[in-house]
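Q: Could we go through this model together? I'd like to ask about charged side chains and then a few loop details.

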Amino acid sequence: MAETLISGSLGINSLGHLTIGGADAVALADKYGTPLYVMDENTIRERMRLYNKAHADFAPNGGGILFASKACCFKRMYE
């Protein structure tokens, strides 16, 4: 049985390996090498939906959401 850590997307599988979004971090490191940046798309999208809702609820008459490229400069984050 998998153990859940800090957030729902992090856990420990039956082999004792860290999992990120259900993916085995050891297997990812074996396949792609290290260092390796791994992000859970579902968690990112969930947090952005929450942020967008809060923005609409608390700033309904203006403002916009901008993403600072220097915060996370990965090509797929721009899509």
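Q: Is Arg-45 buried, partly exposed or exposed?

A: This is a predicted model, and in it Arg-45 is partly exposed, with a relative accessible area of 47%.

Q: Which side chain does Arg-45 meet in a salt bridge?

A: The side chain of Arg-45 meets that of Glu-41 in a salt bridge, with 2.7 Å from N to O. Both residues lie in helix 2, which covers residues 41–58, and they are 4 residues apart, about one turn of the helix. Glu-41 is partly exposed as well, at a relative accessible area of 48%.

Q: How many salt bridges does the count come to?

A: The count comes to 2 salt bridges. Besides the pair just described, Asp-57 forms a salt bridge with Lys-53, where the closest N and O atoms are 2.6 Å apart. Asp-57 and Lys-53 also both lie in helix 2, 4 residues apart, about one turn of the helix, and Asp-57 counts as partly exposed at 44% relative accessibility.

Q: And Asp-40, where is that found?

A: Asp-40 is found in the loop between helix 1 and helix 2. Asp-40 is buried yet has no salt bridge, and the nearest side chain of opposite charge, that of Arg-47, is 8.3 Å away.

Q: Why does that leave Asp-40 without a salt bridge to Arg-47?

A: A salt bridge needs the side-chain nitrogen within 4 Å of a carboxyl oxygen, and Arg-47 is 8.3 Å away from Asp-40, so the pair does not qualify.

Q: What does the side chain of Asp-40 make a polar contact with, then?

A: The side chain of Asp-40 makes a polar contact with the side chain of Thr-43, at 2.6 Å. Not counting residues up to four places away in sequence, Asp-40 also touches Ser-9 and Gly-21.

Q: Changing topic: what happens at the start of helix 1?

A: At the start of helix 1, which covers residues 25–32, a side-chain oxygen of Asp-24 reaches to within 2.8 Å of the backbone nitrogen of Val-26. Ala-25 has its place in helix 1, and, leaving aside neighbours within four places in sequence, Ala-25 is in contact with Leu-18 and Ile-20.

Q: What follows helix 1?

A: Helix 1 is followed by Gly-33, whose phi is positive, near 85 degrees.

Q: And which peptide bond is cis?

A: The peptide bond from Thr-34 to Pro-35 is cis, with omega near 0 degrees, and Pro-35 is found in the loop between helix 1 and helix 2. For background, most peptide bonds are trans.

Definitions and conventions
Residues are numbered from 1 along each chain as its sequence is written. This is a predicted model: local features need pLDDT of at least 70, side-chain atom pairs count only at pLDDT 80 or more; totals for chains, interfaces and linings use all residues. Side-chain values use heavy atoms; hydrogens and water are left out. Helices (H or I, at least four residues) and strands (E, at least two) are DSSP runs, numbered from the N terminus. Buried means under 20% relative accessible area, exposed over 50%, partly exposed in between (1.4 Å probe, protein chains only). A polar contact is a pair of N or O atoms within 3.5 Å; within protein, one must be able to donate a hydrogen and the other to accept it, and residues adjacent in sequence count only if both atoms are side-chain atoms. Contact means heavy atoms within 4.5 Å. Lys and Arg count as positive and Asp and Glu as negative; His and the chain ends are not counted.
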